Amino acid sequence: MTVTLNYEVKHINKNKFSRPGYKLLHVKALVIHYTANNGGTADNHFNYFNHLRDCYASAHIFVDRSKALEIIPLNEVAFHANEREKGPLIPSLKATAPYYPGGNANLNSIGIEMCMEKDGTIHPDTIARTLLVLQKLQKQFGVWPIYRHYDVTGKKCPAPFVANEKLWTKFLADMKKEDDELKFSSPTVRKSFEKLLESKATQEIVINAGIEAGAFNESWRTKWENKELAAGDIVGLAVLFATKK
Ligand SMILES: [Zn+2]
């Protein structure tokens with residue numbers, strides 16, 4: 001099952017501890033976090049930050065295994081990557097504004113939090129959906145670098161991506177791969193694929209070419225010949241073929 005973006009917008013109320021209402025100067029980076037809160041969903045974090053009264057913290061978007069939830073408008077500051085008094089470790093993210101002085105990365109970056117499962121892992125669907133969120137943001141704001149919170153301030157966040165550098169490298173590499181799937185998950189593109197694949201002749205071309213390219217195996221031809229495939233399955237095969245590297 002392909003993970004879809006399932007992006008929901010539900011903003012928390014303005015609150016000096018989590019949504020100060022300051023304007024972002026611009027977007028120059030996307031910063032990845034994890035919640036360090038086992039079992040907490042995106043909705044749980046909406047509630048938490050909507051009522052936060054005892055410390056300064058927040059992020060723009062929370063991603064869990066079923067959806068992505070924007071809790072702070074993407075043109076406002078969230079408190080997610082500025083715990084260093086000397087400012088960010090990445091000089092280009094040092095920004096200041098009269099309403100939020102000190103030279104910090106919260107003025108020019110968007111913070112995205114990955115939610116955790118009860119056992120403290122990050123579900124693969126959460127990771128896949130986070131990639132889709134990043135692609136959406138890159139389309140919206142330009143292709144700015146993606147940093148871990150760790151890169152910006154040295155905080156061990158997201159811990160799994162700090163403990164294992166390879167996971168982080170793979171995450172960045174997967175950005176490219178998932179991009180095609182994102183494109184094909186767009187309803188317009190999908191509709192035109194469906195239309196095209198109504199014809200038996202086109203289906204046969206896709207099945208033969210897909211098997212030859214190694215996008216999927218022979219068993220799918222048998223299923224097709226036995227009329228075991230629904231229209232959606234055939235579109236899925238076409239997408240696999242079209243996105244095969
Ligand atoms: Zn963080």
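**Exercise 1. Determine how far strand S2 is covered, and which strands it pairs with.**

Strand S2 is mostly covered, since seven of its 10 residues are buried, where buried means under 20% relative accessible area, exposed means over 50% and partly exposed lies in between, with a 1.4 Å probe and protein chains only. Strands here are DSSP runs of E of at least two residues, helices are runs of H or I of at least four, and both are numbered from the N terminus. The structure is a predicted model, in which local features need pLDDT of at least 70 and side-chain atom pairs count only at pLDDT 80 or more, while totals for chains, interfaces and linings use all residues. Residues are numbered from 1 along each chain as its sequence is written, and side-chain values use heavy atoms, with hydrogens and water left out.

Step 1. Two strands pair if DSSP finds at least two bridges between them. S2 and S5 run parallel and are joined by seven bridges, with Val31 opposite Gly111 in S5 and Asn38 opposite Met116 in S5.

Step 2. S2 also runs parallel to strand S6 (residues 146-148), to which three bridges join it; here Val31 stands opposite Tyr147 in S6.

**Exercise 2. Describe the surroundings of strand S5 and the two directions in which its residues point.**

Step 1. Eight of the eight residues of S5 are buried, so S5 is largely enclosed by the rest of the structure.

Step 2. In a regular strand, side chains alternate between the two faces of the sheet. In S5, Ser109, Gly111, Glu113 and Cys115 point one way, Ile110, Ile112, Met114 and Met116 point the other way, and all are buried.

Step 3. Besides its pairing with S2, S5 pairs with S3 in the parallel sense over three bridges, and Ile61 stands opposite Ile112 in S5.

**Exercise 3. Identify the residues at the centre of the contact network in the largest nonpolar core, and the elements that supply it.**

Step 1. A nonpolar core is a set of buried Ala, Val, Leu, Ile, Met, Phe, Trp, Tyr and Cys residues joined through side-chain atoms within 4.5 Å. Of the 30 residues in the largest such core, Leu30, Ile32, Ile61, Ile110, Ile112, Leu134 and Leu137 touch the most other members.

Step 2. At least two residues of this core come from each of strand S2 (29-38), strand S3 (61-63), strand S5 (109-116), helix H2 (124-141) and helix H5 (165-184).

Step 3. A second, separate core has 14 residues, including Val206, Ala215, Ile234 and Ala238.

Step 4. Contact means heavy atoms within 4.5 Å. Once neighbours within four places in sequence are left aside, the contacts of Ile112 include Leu30, Ile32, Ile61, Leu134 and Leu137, and also His33 and Thr130.

**Exercise 4. List the protein donors of the zinc ion, and state whether two of them are buried or exposed.**

Step 1. Donors are N, O and S atoms within 2.8 Å of the metal (3.2 Å for Na, K and Ca), and because water is not among the atoms, sites may look incomplete. The protein donors of the zinc ion are His33 (ND1), His149 (ND1) and Cys157 (SG), which lie 2.1 to 2.3 Å from it.

Step 2. In sequence, these donor residues follow the spacing H-x115-H-x7-C.

Step 3. His149 counts as buried because its relative accessibility is 3%, and Cys157 is buried because its relative accessible area is 4%.

**Exercise 5. Decide how many disulfides the model contains, and explain the case of Cys55.**

Step 1. A disulfide is a pair of cysteine sulfur atoms within 2.5 Å, and by this rule the count comes to zero.

Step 2. The closest cysteine sulfur to that of Cys55 is in Cys157, and because the two are 14 Å apart, they are too far for a bond. Cys55 itself is partly exposed, with a relative accessible area of 32%.

**Exercise 6. Place these details within the whole chain.**

Step 1. The protein chain contains nine helices and six strands, and of its 245 residues 46% count as buried.

Step 2. The domain assignment, whose bounds come from an automatic or database source, gives domain 1 (7-179) and domain 2 (187-242). The centres of domain 1 and domain 2, taken over C-alpha atoms, are separated by 38 Å.

Step 3. Along its principal axes, the C-alpha trace of the protein chain spans about 65 × 35 × 30 Å. Among the contacts in the protein chain with a separation of 6 or more, residues 24 or more positions apart account for 70%.
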